[in-house]
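Biologist: Got a minute to go through this one with me? I'd like to start with the empty spaces and then jump around a bit.

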Amino acid sequence: MTKNEVLTTTITLSIDNGSSHVKVIYDHLDCSFIFPNVLAQPFGERFLLMEQGDPLDFLDVQITSPAIESDQYRHVYVGNLAIGDEGILHEIVGDKAVQKKAQRPETMVTLLTAAAYAIAKQHEDAIKKGKKRIKAAVNLGTGLPIREITKFREEFARKITGGVHSVTFITTPVFKGITVEMEFSLPTDISIDDVSGVYDLEATSKSHLSHKGFGIADVGGVDMDIAFFRPGLDLDQRHSTGAKIYLNDALESIRNEVNSQGEELLASTAELTLMLVNKEYEIYAEGKVVFDMTSLINKHMRILAEKVLKFARSSWKHVRYANEFWFIGGGAVVLQPWIEKINAELGLPIRFDTAEHSQFRNVRGTFLMLDHALKHADDEVAASTDAKGVSENGSGQD
């Protein structure tokens, strides 16, 4: 392979590897995408009628990475393509949910796939003109839950930065046969998921959180991170904590009850999550309602909302300066109606992020911190270069 067949590039991207969905921003805040955190080991060959469609819906990848040891994660379907596939499905429920995010092989698979897709998307024009191989230096921002950050930060960072990772798109339209080789750097280290979301809230909302003392919970599909901030966005490390709430497991119970009717009406918890985010409680088939999930969802979500609120209040009651409490994250969007109903009787100063931004708060905040760090590093290099020039040429005075 001649040198000009290889495209060399650099990319800045942030990834929030949520238990239900993976969220990504690259280049700038307007370049974003999301896909379900679902993997499947392919069963047989993928049958193609036409090589058309959105590449994000057909992530069929072969991965070679020092961070992935098991052969079962070498060739996988990721995201929407994995949902409904006949192969062995991997969702973050049950035993997977009990595992640490930093140690689940699924975390690295989706991280590498997301990064490779962002790089390929960035160079789609070059790919259409015949480029088959891309070598990328990746400035990555990503995070871990509060409960994992101290113990697993270094281990997770080593997995990411420890060598060259290669992702080849197999049957993915537009990117079929494209190989992306990546080396990662972590300019902002591994961030704390919940804390990242606060920075984006402060930067883009009208809430002026920096003038307040407050608590905030990032509610995900498995974990709930609770952080407290004194005025000035000073993180209170003593009172910040985390808990596992297993929202995905509750959704899996709902899915199983629905599917017990004799048909696979719901293919995955990711599909159900999206329905709940959109407040869609009825399942349609052949143009008519075949199942109304309203009472079933009310039962499970009420129990979970009580659990989430209990965790929040047990931490909040010890923090005298926190005059309000915020909920962000995809899980908060799902549970908001039930938490608000319970709080109607309690009258607590609880705030919810806007639904359209809530899921993306962490990845946006991580990107803002990453972008700031890189620009600050460039400023330091420029200042150093200017200082060196003055030193070599004299003081600059006549």
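**Cavities, pockets and salt bridges**

Modeller: Sure. The largest cavity has a volume of about 310 Å³. Keep in mind that this is a predicted model.

Biologist: Which residues are closest to the centre of that largest cavity?

Modeller: Gly18, Ser19, Lys23, Gly220 and Gly221, out of 28 residues that line the cavity.

Biologist: And which elements give two or more residues to its lining?

Modeller: There are strand 1 (6-17), strand 2 (21-26), strand 12 (214-219) and strand 13 (223-230), among others. On the helix side, helix 7 (269-277), helix 9 (330-346) and helix 11 (361-393) are included. Going by domains, at least three lining residues come from each of domain 1 (6-192) and domain 2 (206-352).

Biologist: How does that lining divide into nonpolar, polar and charged?

Modeller: Six nonpolar, 14 polar and eight charged.

Biologist: How many cavities of 30 Å³ or more does a search of the whole structure find?

Modeller: Two. The second largest has a volume of about 30 Å³.

Biologist: What lines that second largest one?

Modeller: Ile15, Asp16, Thr142, Gly143, Ser191, Asp193, Ser196, Asn362 and Thr366. Strand 1, strand 8 (133-144), helix 5 (193-204) and helix 11 each put in at least two residues. By class, the lining has one nonpolar, six polar and two charged residues.

Biologist: Asp193 is on that list. Which residue does Asp193 meet in a salt bridge?

Modeller: Lys101, at 3.2 Å from N to O. The two sit in distant parts of the chain, 92 residues apart, with Lys101 in the loop between helix 1 and helix 2 and Asp193 in helix 5.

Biologist: Are Lys101 and Asp193 buried or exposed?

Modeller: Both Lys101 and Asp193 are buried.

Biologist: How many salt bridges does the count come to?

Modeller: 21. One of them is between the side chains of Glu106 and Lys96, at 2.9 Å from N to O. That pair also links distant parts of the chain, with Glu106 in helix 2 (residues 105-122) and Lys96 in helix 1 (residues 95-98), ten residues apart.

Biologist: Why does Glu106 count as buried?

Modeller: Because its relative accessibility is 1%, and buried means under 20%.

Biologist: What about Arg230, which residue does it form a salt bridge with?

Modeller: Asp236, with the closest N and O atoms 3.6 Å apart. Asp236 is buried, with a relative accessible area of 2%, whereas Arg230 counts as partly exposed at 33%.

Biologist: Which residues are linked in a network of salt bridges?

Modeller: Asp200, Asp353, Arg361 and Arg364.

Biologist: OK, switching to pockets. What volume does the largest pocket have?

Modeller: About 200 Å³. Its lining is made up of His21, Ile34, Phe35, Pro36, Asn80, Ile83, Ala270, Glu271, Leu274, Val277, Gln359 and Phe360.

Biologist: Which element gives the largest share of that lining?

Modeller: Helix 7, with four residues. Strand 3 (32-36) supplies at least two as well. As for domains, domain 1 (6-192) and domain 2 (206-352) each contribute at least three residues to this pocket's lining.

Biologist: And how do the pocket's lining residues divide by class?

Modeller: Eight nonpolar, three polar and one charged.

Biologist: Now backbone. Where is Val174 found, and what is its phi?

Modeller: Val174 is in the loop between strand 9 (165-169) and strand 10 (179-185). Its phi is positive, about 75 degrees, although Val174 is not a glycine. At 36% relative accessibility, Val174 counts as partly exposed.

Biologist: Same question for Tyr246: where is it found?

Modeller: In the loop between strand 15 (241-244) and helix 6 (247-259). Tyr246 has a positive phi too, about 60 degrees, and is not a glycine. Its relative accessible area is 26%, so Tyr246 is partly exposed.

Biologist: Last topic, the hairpin of strand 16 and strand 17. How many bridges join them?

Modeller: Four, and strand 16 (residues 282-285) and strand 17 (residues 288-292) run antiparallel. Ala285 has Lys288 in strand 17 as its bridge partner.

Biologist: Which residue in that hairpin takes a positive phi?

Modeller: Glu286, near 55 degrees, in a hairpin that has two residues between the strands.

Methods:
Residues are numbered from 1 along each chain as its sequence is written. This is a predicted model: local features need pLDDT of at least 70, side-chain atom pairs count only at pLDDT 80 or more; totals for chains, interfaces and linings use all residues. Side-chain values use heavy atoms; hydrogens and water are left out. On a 1 Å grid over the protein atoms alone, a cavity is a set of points where a 1.4 Å probe fits but cannot get out, and a pocket is an open set with protein on both sides within 12 Å along at least five of seven lines; lining residues have an atom within 4 Å of a point. Grid points are joined across faces, edges and corners, and a volume is the space filled by probe spheres set on the points. Ala, Val, Leu, Ile, Met, Phe, Trp, Tyr, Cys and Pro count as nonpolar, Asp, Glu, Lys and Arg as charged, and the others, Gly among them, as polar. Domain bounds come from an automatic or database domain assignment. Buried means under 20% relative accessible area, exposed over 50%, partly exposed in between (1.4 Å probe, protein chains only). Two strands pair if DSSP finds at least two bridges between them. A salt bridge is a side-chain nitrogen of Lys or Arg within 4 Å of a carboxyl oxygen of Asp or Glu.
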